[in-house]
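The report below is meant to be read beside the sequence and the coordinates. It moves from the whole chain to one sheet, and then to a few helices and a single residue.

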Amino acid sequence: MAFLFTKQKKYLALGFCLLCVIVVACLFTDLEFFQIVLLIMVSMGFCGAFSSFLLHMLPKKRPVEVVQIDEDSSSDHNTGNLRKKPRTGCLTSSCPSITSRTTTAGTGDRDGKKNSGGEEANNSASGTVVEPSLTNMGLEDANMQDIDEDLHSRQLAVYGRETMKRLFASNVLISGMQGLGAEIAKNLILAGVKSVTLHDEGLVELWDLSSNFIFSENDVGKNRAFASAQKLQELNNVVLVSTLSTKLTKEQLSNFQAVVFTNINLETGIEFDNYCHNHQPPIAFIKTEVRGLFGNIFCDFGPEFTVTDVDGEEPHTGIIASVSNDNPALVTCVDDERLEFQDGDLVIFSEIHGMTELNDGKPRKVKSCRPYSFFLEEDTTNFGTYVKGGIVTQVKQPKVLNFKPLKEALKTPGEFLLSDFSKFDRPPLLHLAFQALDKFTCELGRFPVAGSEDDAQKLISIATTMNESLGDGKLEDLNPKLLRDFANGARAVLNPMAAMFGGIVGQEVVKACSGKFHPLLQFFYFDSIESLPTEPLDPSDYKPLNTRYDAQISVFGAKFQKKLEDTRSFVVGSGALGCEFLKNLALMGVSCGTNAKLTVTDDDVIEKSNLSRQFLFRDWNIGQAKSTVAASAAALINPRLQIEALQNRVGPETETVFDDTFWENLNVVINALDNVNARLYVDQRCLYFQKPLLESGTLGAKCNTQMVIPHLTENYGASRDPPEKQAPMCTVHSFPHNIDHCLTWARSEFEGLLEKTPSEVNAYLSNPGEYTTSMRNAGDAQARDNLERVLECLDRERCETFQDCITWARLKFEDYFSNRMKQLIYTFPEDAVTSTGAPFWSAPKRFPRPLEFSVSEPPHLHFVLAGSILRAETFGIPIPDWAKNPTTLAEAVDRVIVPDFQPKQGVKIETDESATILSSASVDDAAVIDELIKKLEQRRKTLPSGYVMKPIQFEKDDDTNYHMDFIAGLANMRARNYSIPEVDKLRAKFIAGRIIPAIATSTAMATGLVCLELYKVIDGGHKVEDYRNTFANLALPLFSMAEPVPPKVIKHQELSWTVWDRWSIKGNPTLRELIKWLADKGLDAYSISCGSCLLYNSMFPRHKYRMDKKVVDLAQDVAKMEIPPYRHHLDLMVACEDEEENDIDIPMVSVYFR
């Protein structure tokens, strides 16, 4: 039945019935009037209390149950009324996209646009589940919701709070639950939209298992939407997942912010899009489809759609050095960082001294932008003269886009979004091809049969006829071969294509719901026809085999499918990229053969923050090994997957695990790593063993892929990004001018106070003799500092009670934010000048101001709270209950005696930007160290037996441990010192925790692109021009695909080689034989090394006595090399020159001795 009330209303109704019974009873009794009134009042109070009690007994977390919605046979199809059929044990919560029996669909406005009343909808923050109301699904809901920062921290770093709130208020319909629909739904549910309604009228076929990671063979014959819902709900219990399995009417679309169709014909698409386009407010309409190795997307977000943030980048800023009194005015900035302004940008000014007219907050347009200057389109002739200071900040402007409806856009598509400039003419052809396919399916009621020449010719004929009718827009070349390949795969949804398009479309839905990032305007066409096998296929090879891979076989053929199944693969990492790769490989059938094997390794464990992207994990897996859980989940997707999970880091220390035999037996390596050093190591292994490496990475909405193919492309390490610019140490410690400097300093202080110093104390206490000896031997400023900190921690700053910890934190506040500032001002007064006579406090330096502590300032008190709790933790002191009571804590802080501070003369404050350490050595370091050691020995004798401290390792993802509270407090108080804008704890976490922004959509797209390249790798016959490296930015959107760079070729005489080549000499040669072998190639070997040890150099006479020794014996005797039993060769680096004494870089030489 349809539920007509919210739960709270139902309980009130129950109370009302009880009240009626009491009233009737009263009427037929002898009770006085006032007694009746009293009884009624008591009853009403009971009803209210009872309803509230029941309401609060509702589960705080939505169970993993879904709502199936079927159309009632008696409902009015014109109004689109639908009713739920609850499942046994299913929580009775309604899909927000479906009206109740008494509500007409389409009568209310969409959420976030107009609120026409009704009950409060589902609140994901509290977990209280209330029957949703169609008339109240707007941003008002989202404002009541708290964002789970532990779960969504990486996503928040991309979107920000406001975008996330808009997502939490968004209801999305996804129609068509084959592979593409499942991928889109997965990405949106992970993103955390309010609700996702899955629609599909069809039943699961074995064919679907090629691309849909949700289905199993047990689901064959079930409705696709219903079979998908349960597993999709598990991805995020806060998102309401509902199903609809009957024919859609356009009126039903009014209940959604965005609708996505993956499998509808153009006629229906035009009808639905017209309704969405003209609806008030407009409904974002997306039509997308994947047909074999071809795909397209169409977006229509209405006549006027406002983009609030075009690219998602932080506003650019600059530190002003001067502003001229001219028309136009010339603004120059310090050369600390290059300006990123572009002509036409709007900027605002602040903190300018002298020309204060610019500080009015008015946006001003810039032009003639250069790296460190620009012109301001304003006459500043009559403004005050610029004196000093000032910040210029870019103002990001909203952008209004005008979308055309589908019917109009089909005729006049405008510019297509290009992904591959080598296929400049491809989008118009695919625009025609997809329309021809639509006409084919409408006329014949089916897709073309793979391998059928008649069907291919029919499609070509339709396309030709349609092309002839285009008049001036007629295409010159219809490319019959491409259309034939298009026809063969028309019915198939391939997993890599679904993953790629699922990422793109998922991001477009986020844009539609939030206004964040620039939407696709309006058509995108893509093909990866190069992924097809290089050898032509026989029509019989396309024939389905009644297996889960039949869709893929219809594109690539059965022989190629066997190649995929026999592949021996290695996936390095099982985080966000790794989970996607394992899912893709399982669906493609890679390493699913009897003699195949897929090895996945990852030494990490699952954390809560992983769950918003790493979709193979669930909350009950937190703390478990990533690789083990991911491998088990992948095996559930395809039980034939031959997978082994390891928990080893891939590096030099695990070469006994990943030995020569392991690498030699591989067919392909797929990196899913998150750090450059690990990537470089795997790259060197693949280079050495000549194995293809498929590389990818993401950063927020950006992603890139790189194909490393033996002898065809350069290796990953051949080109590297420049290192990130580091702020000078003196800037971080004494002269910060942005919040990043403050947070870098805060993180360093946290680690010094709470991790490094307690660790030093324990190192000393565990072995005093060895520790003091090492300090004496070092005898430098660093050793002196270490001893001073250890002594201070065990003596003057040792804490025995929580009050001691409060005292320590309060005095740290005074030291950091008052005393040090007073000393800095004393050393460098505001009017100080440099040796050249220039003002010392000139940009980018900011003049500091000391802070005065006050218990009435919550940030001050919270700093002391966080500091004292962490200090107590290092000393093993219990935290009293009163510590977190502000009043009691303030009283304890007031008891702290803060000594007066007087600045000292002669204090050296480092101003040299090239300095790498702040401590300066002195001639008497040794004497000071001896004195410190004596004091330490005396202090150690007073400590109880077994005394140790508890070092604290920084953990950013636990909001209850006070780590980020202390770091944010340190950074923000320092920012106040220097008049730098402060940040909240979340922003502080991003910077201090060095959190890499990440979202599911870019991850899915990257892995889809890589797996399209994997087809080429497994085939083995492709040329370098067939491969593609990709850079994409889903925010813009931008797709840039290009063939990989070939390796550098070195030539000598008739020889040529690249970094991929390795020269091998067998027969266990002597050193003399090796040198002669090289001489026969016209090369004079003058130096031979094994590892870091020199085996031979022609300049050393004694090395001539080694000439007749076996190379392997020299490696063992001279280099002390331990050769494991599995090793059959050793590698040498040989320096050679030619006859003209020119150095020649030759490949590594492998000497085989077994």
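What follows describes a predicted model, beginning with the chain as a whole.

**The chain as a whole**

The chain contains 32 helices and 33 strands, and of its 1154 residues 55% are buried. Its exposed area is about 50500 Å², of which carbon and sulfur atoms supply 52%. When contacts between residues at least 6 apart in sequence are considered, 72% of them join residues at least 24 apart.

**An open sheet of 8 strands**

One open sheet is built from 8 strands in the order E20-E19-E18-E21-E22-E23-E24-E25, and its pairing is mixed. Its edge strands are E20 (643-646) and E25, each of which pairs on one side only. Neighbouring strands in this sheet are turned against each other by 10° on average, with direction ignored. Within the sheet, strand E18 (residues 568-572) and strand E19 (residues 597-601) pair in the parallel sense over 5 bridges, and Val 571 stands opposite Val 600 in E19.

Helix H19 (residues 676-689) packs on the sheet and touches E18, E21 (668-671), E22 (693-699) and E23 (702-708), while its direction makes about 165° with that of E22. Helix H30 (residues 1000-1019) also packs on the sheet, touching E21, E22, E23, E24 (1029-1033) and E25, and its direction makes about 15° with that of E23.

**Ala 1042 in the edge strand**

Ala 1042 lies in strand E25 (residues 1038-1042), which is one of the edge strands of the sheet. Because its relative accessibility is 40%, Ala 1042 counts as partly exposed. Apart from its neighbours within four places in sequence, Ala 1042 is in contact with Tyr 1027, Arg 1028 and Asn 1029. The C-alpha atoms of Ala 1042 and Asp 420 are 6.8 Å apart in space, although the two residues are 622 residues apart in sequence.

**Two helix pairs**

The table sets out the axes of two packed helix pairs.

| Helix pair | Axis separation | Angle |
|---|---|---|
| H25 (residues 858-875) and H26 (residues 886-894) | within 11 Å | roughly 80° |
| H21 and H22 (residues 768-778) | 5 Å | about 115° |

With axes that cross at roughly 80°, H25 is therefore roughly perpendicular to H26. In this contact Leu 861, Val 864 and Leu 865 of H25 meet Pro 886, Leu 889, Ala 890 and Val 893 of H26, and by class the contact has 7 nonpolar, no polar and no charged residues.

Between H21 and H22, the residues Glu 760, Ala 763, Tyr 764, Leu 765 and Ser 766 of H21 meet Pro 768, Tyr 771 and Thr 772 of H22. The residues of this contact divide into 5 nonpolar, 2 polar and 1 charged.

**An enclosed helix**

Why is helix H29 (residues 985-992) described as largely enclosed by the rest of the structure? The description holds because 6 of the 8 residues of H29 are buried, and these are Leu 986, Ala 988, Lys 989, Phe 990, Ile 991 and Ala 992. The buried residues of H29 pack against helices H4 (149-159), H5 (161-168), H21 (739-766) and H28 (963-977), and H21 is also the helix that packs with H22 at an angle of about 115°. Just after H29, Arg 994 takes a positive phi of about 50°.

Key:
Residues are numbered from 1 along each chain as its sequence is written. This is a predicted model: local features need pLDDT of at least 70, side-chain atom pairs count only at pLDDT 80 or more; totals for chains, interfaces and linings use all residues. Side-chain values use heavy atoms; hydrogens and water are left out. Helices (H or I, at least four residues) and strands (E, at least two) are DSSP runs, numbered from the N terminus. Buried means under 20% relative accessible area, exposed over 50%, partly exposed in between (1.4 Å probe, protein chains only). Contact means heavy atoms within 4.5 Å. Accessible areas come from the Shrake-Rupley method with a 1.4 Å probe; for residues, only the protein chains shown count as cover. Two strands pair if DSSP finds at least two bridges between them. Axes are lines fitted to C-alpha atoms, for helices over the stretch in contact, and angles run from 0 to 180 degrees between N-to-C directions. Angles under 35 degrees count as roughly parallel, over 145 as roughly antiparallel, 65 to 115 as roughly perpendicular and the rest as oblique. Ala, Val, Leu, Ile, Met, Phe, Trp, Tyr, Cys and Pro count as nonpolar, Asp, Glu, Lys and Arg as charged, and the others, Gly among them, as polar.
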